[in-house]
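Reader: Got a minute to go through this one with me? I'd like to start with the ligand.

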Amino acid sequence: MSDFDLEQTDRLLQTTKQVRKRLDFDRSVPREVLLECIDVASRAPMGSNVERNKWLIVEDRDTIAAIGGYYLENARPYLNQSDAFRDDDRQSRVVDSAMYLAERMHEVPAMVIPMRYDRVEDAGVEHQAGWYGSVLPGVWSFQLALRSRGIGSCWTTLHLGFEAEVGALLGIPDSVTQVCLLPVGYYTGEGFFVTPRRPAAEITFVDRWGATAADL
Ligand SMILES: Cc1cc2nc3c(=O)[nH]c(=O)nc-3n(C[C@H](O)[C@H](O)[C@H](O)COP(=O)(O)O)c2cc1C
């Protein structure tokens, strides 16, 4: 028997959104709160339970501005050629929102960069699965912990076009991989809607690839 409030936990899990336009750019996020959330996130599973993850909180305004510049430089051409993604209104809104964030990335209250030791770009699928699977669950836990404290964040990877430059700026060794970059800020406005997704029965096969639970 579980003692969790299912309504609350499901709401947290289903309404934790990537926040861009509703970040409060004028209110700083205390480092202690970020550390508290990293503490929560560090409980996420890791292959063989080996702790090889690191986090970096960026608070220095000049450094944030410099990283924001790299982010925009890589994001702008990518998002401008993204008419291909604008199949529907929802996708169009995501691209607009992503561009908005790109243009204001240099102003975010803080950035958090989760990292892991080693490079895996040349590794096989088994090693990559174990490696990324040991760091990415913690990123989502971090976003959930932030959200339950009224702080929004957005999972981004577009700075990685300049991973080496950002790494040099932050003194990150070449042997370490940055897995994403999260701008963080208190969110403005009311709550969030449940993210629309296809129903589980339509995306889940039973026993073998092909027949979904909805077909049975
Ligand atoms: C691996 C990954 C990379 C992402 N990279 C970016 C990014 O570079 N910039 C950005 O604005 N959003 C990025 N996103 C956010 C997605 O665009 C977002 O999940 C999508 O818009 C759905 O939003 P929602 O979860 O709030 O419904 C990324 C998300 C993931 C999981």
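Author: One term up front: a residue is near a molecule if one of its heavy atoms lies within 4 Å of it. The model is predicted, so local features need pLDDT of at least 70 and side-chain atom pairs 80 or more, while totals for chains, interfaces and linings use all residues. Numbering starts from 1 along each chain as its sequence is written, and side-chain values use heavy atoms, without hydrogens or water.

Reader: Which residues come nearest to the ligand?

Author: Q18, R20, Y71, W155 and T157, out of 13 around the ligand.

Reader: What is 2.8 Å from the side chain of R20?

Author: An oxygen atom of the ligand, from an N or O atom of R20. That is a polar contact (a pair of N or O atoms within 3.5 Å). K17 has a polar side-chain atom 3.1 Å from a ligand oxygen. For Y71, a side-chain N or O atom lies 2.9 Å from a ligand nitrogen.

Reader: How much of the ligand does the protein bury?

Author: 70% of the 620 Å² that the ligand exposes when taken alone. Those areas use the Shrake-Rupley method with a 1.4 Å probe.

Reader: New topic. How many aromatic pairs?

Author: Six. Rings of Phe, Tyr and Trp (its six-membered ring) pair if their centres lie within 6.5 Å; planes under 30 degrees apart are stacked, over 60 edge-to-face, the rest tilted. One pair, F25 and Y100, is edge-to-face, at 6.3 Å centre to centre and 70° between the planes.

Conventions: Polar contact = N/O pair within 3.5 Å; in protein donor to acceptor, adjacent residues only side chain to side chain.
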